[in-house]
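Biologist: Could you walk me through the aromatic packing in this one? Pull it up first and then we'll talk.

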Amino acid sequence: MSHDFVLGFTRGSRGHRLFSHLVFPAWHVATLVLVVIAGVSWSAVAFCAAMYALLAFGITAGYHRYFSHRSYRTGRAFQFALALLGTLAMQKGVLWCCLL
């Protein structure tokens, strides 16, 4: 698998340029517009902060420390939880992480 293959597009292809120059910025602008229209509650802010921390843990402790380096031992259920958290963070899959 090539490092140049991102989100189903080869880096530099028309689809990749469309995504990185139009879709990705538009997604963030739409998010800001919806925040202004709908407003934000403190429970939503707390949920976002908790999810950020949980998914960051999945990437650092799971994908990087466990799956890439096997820095510690863990049970099968916790392995699944780490893989799920890393995948929910939209960082491709466990095999992609381990093959690099």
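**Rings and core**

Modeller: Quick heads-up: tyrosine 66 counts as buried because its relative accessibility is 4%, buried being under 20% relative accessible area, exposed over 50% and partly exposed in between, with a 1.4 Å probe and protein chains only. This is a predicted model, where local features need pLDDT of at least 70, side-chain atom pairs count only at pLDDT 80 or more, and totals for chains, interfaces and linings use all residues. Residues are numbered from 1 along each chain as its sequence is written, and side-chain values use heavy atoms, leaving out hydrogens and water.

Biologist: What kind of aromatic pair do tyrosine 66 and phenylalanine 67 form?

Modeller: Rings of Phe, Tyr and Trp (its six-membered ring) pair if their centres lie within 6.5 Å; planes under 30 degrees apart are stacked, over 60 edge-to-face, the rest tilted. The structure holds three such pairs. For tyrosine 66 and phenylalanine 67 it's 5.0 Å centre to centre and 80° between the planes, so by those cut-offs the pair is edge-to-face.

Biologist: And is tyrosine 72 buried or partly exposed?

Modeller: Tyrosine 72 pairs with tyrosine 66 too, at 5.3 Å and 45°, a tilted arrangement. Its relative accessibility is 25%, so tyrosine 72 counts as partly exposed.

Biologist: Which helix gives the largest share of the largest nonpolar core?

Modeller: That core (buried Ala, Val, Leu, Ile, Met, Phe, Trp, Tyr and Cys joined through side-chain atoms within 4.5 Å) has six residues: Tyr63, Tyr66, Phe67, Leu82, Ala83 and Cys97. Helices are DSSP runs (H or I, at least four residues), numbered from the N terminus. α2 (42–68) and α3 (76–88) each supply at least two core residues. The largest share, three residues, comes from α2.
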